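Hi,

Here is the structure I promised to pass on to you. Have a look at it first, and then read my notes underneath.

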Amino acid sequence: MHVIVALSTYVVAIPLWFFVWWWIGGFSMQRRERMLILPNALCITFLAINLALVMLYGEVGSVGYEEGRFSFIQDRAMIVVQATASVLIVAVLVYGLTVRRVPVEFIRFLLYAFVFLLGVMAPIIWVPIEQPGFFYVLRHFQSVALIFSLFLCVAGIIILLRDIMTAGGVEIDLGKDNNGMM
């Protein structure tokens with residue numbers, strides 16, 4: 001039963017990502033900024049990979065094993081928190097020292113990244129120690145929230161860097177070489 005719940009988590013997460021990406025305005029923004037296709041596609045890819053891995057190898061481990069996976073997830077979450085905090089500090093410094101305003105799209109992406117990271121992944125759910133299946137389900141649920149927040153953070157960084165580059169008069173198309181070729 002726990003494997004079915006974990007599978008369902010990813011089956012629901014994939015269309016949920018499309019909804020969140022649409023809700024934030026990611027689809028319309030990626031028409032203007034092609035680099036946003038990357039975090040969108042990578043998020044779906046990682047969710048699909050996790051779905052396939054649960055389908056092929058999904059089995060509940062021992063309590064010790066399942067508990068040990070949470071430190072792995074926490075380490076990855078700290079990377080997202082540190083990257084997001086660093087980007088916010090840079091944004092405040094760069095934009096605070098100029099007359100430019102922080103792009104609202106950047107704020108929107110980081111806001112949703114924090115919602116998934118701190119609002120969905122960080123809350124503690126106490127699991128009875130004798131129920132490794134609950135740990136299994138919880139780690140997959142938290143993995144989805146972490147994947148969402150990670151790629152929303154990446155999208156926000158892309159927006160911020162693009163704005164900084166255009167503010168300095170730099171026009172760089174990361175998809176083409178100097179001759180206009182892909």
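**How the helices pack**

Helix α1 (residues 2–24) and α6 have axes that come within 10 Å of each other and cross at roughly 20°. An angle under 35 degrees counts as roughly parallel, so α1 runs roughly parallel to α6. The crossing of α1 past α6 is right-handed. Before you get too deep into this, please keep in mind that the model is predicted.

Who meets whom here? On the α1 side you will find His-2, Val-3, Val-5, Ala-6, Thr-9, Tyr-10, Ala-13, Leu-16, Trp-17, Val-20, Trp-21 and Ile-24, and on the α6 side the partners include Gly-133, Tyr-136, His-140, Val-144, Phe-148 and Phe-151. Sorted by class, this contact of α1 with α6 has 19 nonpolar, five polar and no charged residues.

Now turn to α1 and α3. Their axes are 9 Å apart, and the two helices pack at an angle of about 170°. Angles over 145 degrees count as roughly antiparallel, and α1 and α3 are therefore roughly antiparallel to each other. Among the residues making this contact are Ala-6, Tyr-10, Trp-17 and Trp-21 of α1, together with Pro-39, Cys-43, Leu-47 and Val-54 of α3. The class count for α1 with α3 is 18 nonpolar, two polar and no charged residues.

That leaves α3 with α6. The axes of these two come within 9 Å and cross at roughly 165°, which makes α3 roughly antiparallel to α6. The crossing of α3 and α6 is right-handed. From α3, the residues Pro-39, Leu-42, Cys-43, Phe-46, Leu-47, Asn-50 and Val-54 take part, and they meet residues of α6 including Tyr-136, His-140, Ile-147, Phe-148, Phe-151 and Ile-158. By class, the contact of α3 with α6 comes to 14 nonpolar, two polar and no charged residues.

**Stepping back**

If you want the overall picture, the protein has six helices and zero strands. Read from the N terminus on, the elements go α-α-α-α-α-α. The C-alpha trace spans about 60 × 35 × 25 Å along its principal axes. Of the 182 residues, 36% count as buried. Take the contacts in the protein with a separation of 6 or more: 81% of them are between residues 24 or more positions apart.

**Three residues to click on**

Start with Cys-43, which is found in helix α3. Is Cys-43 buried or exposed? Its relative accessibility is 0%, so Cys-43 counts as buried. Not counting residues up to four places away in sequence, Cys-43 touches Trp-17, Ile-147, Phe-148 and Phe-151. You can also try a distance check: from C-alpha to C-alpha, Cys-43 and Met-78 are 18 Å apart in space, and in sequence they are 35 residues apart.

Next, find His-140 in helix α6. With a relative accessibility of 8%, His-140 counts as buried too. Leaving aside neighbours within four places in sequence, His-140 is in contact with Ala-6, Thr-9, Tyr-10 and Val-54.

The third one, Asp-163, is also found in helix α6. Its relative accessible area is 15%, and buried means under 20%, so Asp-163 is buried. Which residues does Asp-163 contact, leaving aside its neighbours within four places in sequence? They are Tyr-95, Arg-100, Arg-101 and Pro-103.

**The salt bridge**

Side chains of opposite charge can pair when their charged atoms come close. A salt bridge here needs a side-chain nitrogen of Lys or Arg within 4 Å of a carboxyl oxygen of Asp or Glu. By this rule the count is one salt bridge. The partners are Arg-162 and Glu-33, with the closest N and O atoms 2.6 Å apart. This pair links distant parts of the chain, with the two positions 129 residues apart: Arg-162 sits in helix α6 (residues 132–167), and Glu-33 in the loop between α2 (26–32) and α3 (37–57).

Are the two partners buried or exposed? Arg-162 counts as buried because its relative accessibility is 17%, and Glu-33 is buried as well, at a relative accessible area of 11%.

Have fun turning it around on your screen!

Note on methods. Residues numbered from 1 in each chain as written. Predicted model: local features only at pLDDT ≥ 70, side-chain atom pairs only at ≥ 80, totals over all residues. Heavy atoms only, no water. Helix = DSSP H or I, 4+ residues; strand = E, 2+ residues; numbered from the N terminus. Buried < 20%, exposed > 50% of the residue type's maximum accessible area, 1.4 Å probe, protein only. Axes fitted to C-alpha atoms, helices over the stretch in contact; angles between N-to-C directions. Parallel < 35°, antiparallel > 145°, perpendicular 65-115°, else oblique. Left-handed = near helix turned anticlockwise from the far one by under 90°. Contact = heavy atoms within 4.5 Å. Nonpolar A, V, L, I, M, F, W, Y, C, P; charged D, E, K, R; others polar.
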